[in-house]
Amino acid sequence: MDKGVLGLINLQPEQDYLDELTYFRSSGSVPFMGRYRLIDFAITNMANSGVSVIGVFAGHKFRSLLDHLNRKEDFGLEGRQAKIFVLPPDWNDPSDISEGDLKHFHNHDDLFRRFKGDQVIISGTQFISNTDYTEAVRYHKENDKDITFVGEEVENPPNSPILRLVTEGDQVTGFTHDQDNGHLYSGVYIIKKEVLKNIVRFCIDNYKHSLFHNGIREKLEEYDTGFYDIKAKTHYFYSVQSYFQNSMALLDKDRYREFFYGQKKVKTKVSTNPPTLYKNDSSAKRSILSNGTTVEGTVENSVISRNVFVGKGATVKNSIVFANCVIEPGAHLENVILDKDVTITEGRQLIGSEEKPYTVPKRSRI
Amino acid sequence: MTSKTVAMLLAGGQGTRLGELTKTLAKPAVPFGGKYRIIDFTMSNLANSGISTVGLLVQYSPLMLNKHIGIGKPWGLDRQYGGVSVLSPYSSREGSAWFSGTADAIVKNRHFVEQYEPDELIVLSGDHIYQMDYTKMLEFHRENGADATISAIEVPMDEASRFGILNTNDDFSIYEFDEKPEHPKNNLASMGVYIFNWSTIKPYLLEDEKDEGSDHDFGKDIIPKMLEDDRKLFAYRFDGYWKDVGTIKSYWEANMDLLKEDFQTLLMSKEWPTYPNEENRPPEYIGETAEINNSLISPGSFIEGSIDNSILFVGVETMEGASVKDSIILPDAVIGRNVTLDCAIVMSDVEIPDGTRIVASNDEPVVISPDTLKDYIAEGGSQNG
């Protein structure tokens, strides 16, 4: 892409909406499908679209995020010019009156100032796909839009809190939660840097809290907007239940292959672990397992992260197990999410429901 | 301490007896253990021992090897001082020549060694599977005030004639080095790991370079010469796992050893990790029909069918009804529906058509490359080794 597009992942507006899973980490660094974290998809999509400089507005709980993003090469951001800037709160201006996520835009102004290109693509991490935004950017530029909202048009709109776009022609005229509206909004938008700058100014001058809600959503009629349908497989996250369902949906072999192992691979931090060891009398079916894991028991319809131990006679069914968990012999898990470093002691049974998976917080011993 | 030690890692060997596996690949670069290459064990030993100045001597088919090692990042050897340097044969004002032996490879690169003014030179091979702390051997070497120390391992007596045998006194000082003796006097075999005092070994190397009758080999020429001169040579006994993967059979065995409870620290150890040059691939997908027993599976794989006592590398796909037993499947190979493999080594990217049956007999694993695969299919899909 000629002059280049700046990538921005804004975690500030995202709540800690995943309950136990976001007790200790930001929404973007929640583990997903074994090796990944939710932010990987936004970063990979940007990298695959030729974006080489990405800023991440990290509001709080960003320790794991800093560690996860410390090698840009792992995410395919290669070359001297490529950068990932994780930008924690840094309120450096004594005359600063900005509020909400405007604080980030104001105090990290250098990110935008130093970038030579004139477009910015902004994303959150509550939506994932394996999509190249190159075409969306082309559409945005060719039509000289101020703001292009990236989403998808679906035939059977889901019953969910996903925000929808009201459209007239290819103009976006509003946002809604109307459950019959099939224009799902991904939270991704491409915006002219100049327009963004003016919105930031307006919001700060008028004591606004939210760049998106106050500066864009409430003032839509002032911009030349567009809607770009990415026509891709997508997943939206808005609760632990949706997190669980998305994980289970990706256990479909074809879906998993298409999503992770298609032409473009989802990238994540490279770490080193030995291959997964499946011992005698173990059983694994319809599951994904990550390296460093040893299986002696049974794993069915589940997602297993790195360095997990599943003991003899233990059963893990319809469950999600994060890294470094130990499931001792004879334990039984069903519809459960185990956060990192959890130990389930010998013979223990934990059974949640599909609608409400039982979530065990980090480092617990049960 | 460590900056005073320079390691020279011999990785130029052709590995002729590995047949198809080394047809276009240097032996140290041959894939091993699911996501590793043979040289990763030695590279990880260096990393874990804190030896950070390494010369990697390449010669035979080095493309993959060079790419794999790169600037040594996976092993923490991407350094401003020292680090890993790939040393290939080169031409100079004096002419150009290939490395004609292990000692020759070192002497031709003495300018590399000398820029670090080391006390000791460690000479290593890139084609052995073992986990060894070189610092302990260095301590032993220094305590003895030795000129040279050779690490040694006990091998079964009936195999001793395949190795360089060290005949030692009670204090492990060496009085004789028997290269592949017909009648070995004992079973203490050289592992091809040498420590030399640089100031001592340098004149020997220079002299050997001029000797036209020499094979320029440490075992055959340099060590015997040093013994002749009554230099202080010691054997450093190592009693862990060590395997020279010189043949297809031993390559297969060494891989299978990884599946044995006793040897699982080769990959699984947290204290002495083995570092691969890891790729960014998704976790493996284990399908509805998969039945896996005592096997290693690597990222990017899609598994169906029965996998028994086997090692599957990254990106492997096995289809429904496949039966893979005692086999090694190298990266990105595809095993079709209802394929039977018993004691096979399937090379990278090979796609085995549905229904193919390949069963090794006479104890010798079958290597399936794109070339040999045609033969098996032409012969009706049923074949032995």
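**Exercise 1.** How many salt bridges does the rule find across the interface of chain B and chain A? Describe the contact between the two chains as well.

*Solution.* The model is predicted, and the interface can be taken from its overall extent down to a single pair of side chains. Begin with the residues: 41 residues of chain B are in contact with 38 residues of chain A. Next comes the area buried between chain B and chain A, which is about 3,200 Å², with carbon and sulfur atoms giving 49% of it. Of the area that chain B buries against chain A, 23% is supplied by Asn280(B), Pro283(B) and Tyr285(B), more than by any other three residues. Finally, the rule finds four salt bridges across this interface; one between Glu317(B) and Arg257(A) has its closest N and O atoms 2.8 Å apart, which lies within the 4 Å that the rule allows.

**Exercise 2.** In the open sheet of 10 strands, what is the strand order, and which strands stand at the edges?

*Solution.* Read the order from one end to the other: 28(A)-25(A)-22(A)-19(A)-16(A)-16(B)-19(B)-22(B)-25(B)-28(B), with mixed pairing. Strand 28 (358–360) of chain A and strand 28 (351–352) of chain B stand at the edges, and because each has a single partner strand, one side of each is left without a neighbour in the sheet. At the chain B end, strand 25 (residues 334–335) and strand 28 run parallel and are joined by two bridges, and Val334(B) has Glu351(B) as its bridge partner.

**Exercise 3.** Do strand 11 and strand 12 of chain B run parallel or antiparallel, and which residue of their hairpin takes a positive phi?

*Solution.* Strand 11 (residues 164–168) of chain B is joined to strand 12 by five bridges, and the two run antiparallel. One of the pairs places Thr168(B) opposite its bridge partner Ile174(B) in strand 12. The hairpin has five residues between the strands, and Phe172(B) takes a positive phi near 70°.

**Exercise 4.** Which element of chain B gives the largest share of the lining of the second largest pocket?

*Solution.* The second largest pocket has a volume of about 1,200 Å³ and is lined by 42 residues, with Thr102(B), Ser125(B), Asp127(B), His128(B) and Asp217(B) lying nearest its centre. Among the elements of chain B that give two or more residues to this lining are helix 3 (102–107), strand 12 (174–179) and helix 7 (218–228), but the largest share, four residues, comes from strand 13. By class, the lining has 14 nonpolar, 19 polar and nine charged residues.

Definitions and conventions:
Residues are numbered from 1 along each chain as its sequence is written. Chains are lettered from A and ligands numbered from 1 in the order in which they are written. This is a predicted model: local features need pLDDT of at least 70, side-chain atom pairs count only at pLDDT 80 or more; totals for chains, interfaces and linings use all residues. Side-chain values use heavy atoms; hydrogens and water are left out. On a 1 Å grid over the protein atoms alone, a cavity is a set of points where a 1.4 Å probe fits but cannot get out, and a pocket is an open set with protein on both sides within 12 Å along at least five of seven lines; lining residues have an atom within 4 Å of a point. Grid points are joined across faces, edges and corners, and a volume is the space filled by probe spheres set on the points. Ala, Val, Leu, Ile, Met, Phe, Trp, Tyr, Cys and Pro count as nonpolar, Asp, Glu, Lys and Arg as charged, and the others, Gly among them, as polar. Two strands pair if DSSP finds at least two bridges between them. Contact means heavy atoms within 4.5 Å. Buried area is the accessible area (1.4 Å probe) that two parts lose on being put together, summed over both. A salt bridge is a side-chain nitrogen of Lys or Arg within 4 Å of a carboxyl oxygen of Asp or Glu.
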